[in-house]
Amino acid sequence: GFFDLQPTNQNMVDFSNNQIRTLGRKISDSEGEIPESDLLVLQEYRKSFKDPLAEVFTKVNQHSRKLDCNCIVTYRIKRINTIVRKLKRFKSDGHGHMELDRIGDIAGCRCILLNEDEEKIYTLVESLKQDFPNNKSNDYLKEAKKDGYKSFHLYVDTESENFPKRKVEIQIRNIKHHNWATLVEIIDLLYAQKIKE
């Protein structure tokens, strides 16, 4: 990736919510090619998630290893073209504009517990809420999505003197849930079914 997920403690460019929303609307309204100047600003916005994501990744690693030392913890920041597609798809589906500053999964961590006991997922969620008291969640374990997707999504707000406030998504699932989600993605890719959408 373009970063090694080590906190940099450098003051990054901060954006106002209005600037981020204006950028998102320009991108979703664009008919042809998006101006390079807008893509460069979007890249800077993406980069501003680096240190918040590093903090969340460290905490997820610490808490999850106590429950399952063999768990798998990964991280990612959405690619520019994925963010652009999401903004455009939301508008083309007739929902109006999706505000760029409200997209909750630009930066994300995923924790896959190899233990299939779903109670361990909830134990991990409660541990993480202690470190990140400003949070929201979607529980797709109790009520799976239409495609059978099961996972717990925790959206946490990070804030520090060293970096701007950013929202990071944490997906927590077990290996059985992960295998199902992967199967759905493969079917989407091979047969262009768009099951996820």
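Y75 sits in strand β1, which spans residues 72-77. In this predicted model, Y75 has a relative accessibility of 34% and counts as partly exposed. Its C-alpha atom lies 9.4 Å from that of V56, a residue 19 positions away along the chain. Elsewhere, helices α1 and α2 cross at roughly 130 degrees, and D38 of α2 is buried.

**Strand β1 and Y75**

- β1 runs from residue 72 to residue 77 and includes Y75.
- Y75 falls between the two cut-offs, since buried means under 20% and exposed means over 50%; at 34%, Y75 is therefore partly exposed.
- Along the chain, Y75 and V56 are 19 residues apart; in space, their C-alpha atoms are separated by 9.4 Å.

**Chain overview**

- The chain holds 6 helices and 5 strands.
- From the N terminus, the order of elements is α-α-α-β-α-β-α-β-β-β-α.
- The chain has 197 residues, and 42% of them count as buried.
- Among contacts with a separation of 6 or more, 66% join residues 24 or more positions apart.
- The exposed area of the chain is about 11400 Å². Carbon and sulfur atoms supply 47% of that area.

**Helix pair α1 and α2**

- Two packed helices are described by the angle between their axes and the distance between the axes.
- Helix α1 covers residues 17-29, and helix α2 covers residues 36-47.
- Their axes come within 11 Å and cross at roughly 130 degrees. That angle makes α1 oblique to α2.
- The crossing of α1 past α2 is left-handed.
- On the α1 side, the contact involves I20, L23, K26 and I27. On the α2 side, it involves D38, V41, L42 and Y45.
- By class, the residues of this contact are 6 nonpolar, no polar and 2 charged.

**D38 in the helix contact**

- D38 belongs to helix α2.
- Is D38 buried or exposed? The relative accessibility of D38 is 7%, so D38 counts as buried.
- Which residues does D38 contact, leaving aside neighbours within four places in sequence? They are L23 and K26.
- Both L23 and K26 are also listed among the α1 residues that meet α2.

Note on methods: Residues are numbered from 1 along each chain as its sequence is written. This is a predicted model: local features need pLDDT of at least 70, side-chain atom pairs count only at pLDDT 80 or more; totals for chains, interfaces and linings use all residues. Side-chain values use heavy atoms; hydrogens and water are left out. Helices (H or I, at least four residues) and strands (E, at least two) are DSSP runs, numbered from the N terminus. Buried means under 20% relative accessible area, exposed over 50%, partly exposed in between (1.4 Å probe, protein chains only). Contact means heavy atoms within 4.5 Å. Accessible areas come from the Shrake-Rupley method with a 1.4 Å probe; for residues, only the protein chains shown count as cover. Axes are lines fitted to C-alpha atoms, for helices over the stretch in contact, and angles run from 0 to 180 degrees between N-to-C directions. Angles under 35 degrees count as roughly parallel, over 145 as roughly antiparallel, 65 to 115 as roughly perpendicular and the rest as oblique. A crossing is left-handed if the near helix is turned anticlockwise from the far one by less than a right angle, and right-handed if clockwise. Ala, Val, Leu, Ile, Met, Phe, Trp, Tyr, Cys and Pro count as nonpolar, Asp, Glu, Lys and Arg as charged, and the others, Gly among them, as polar.
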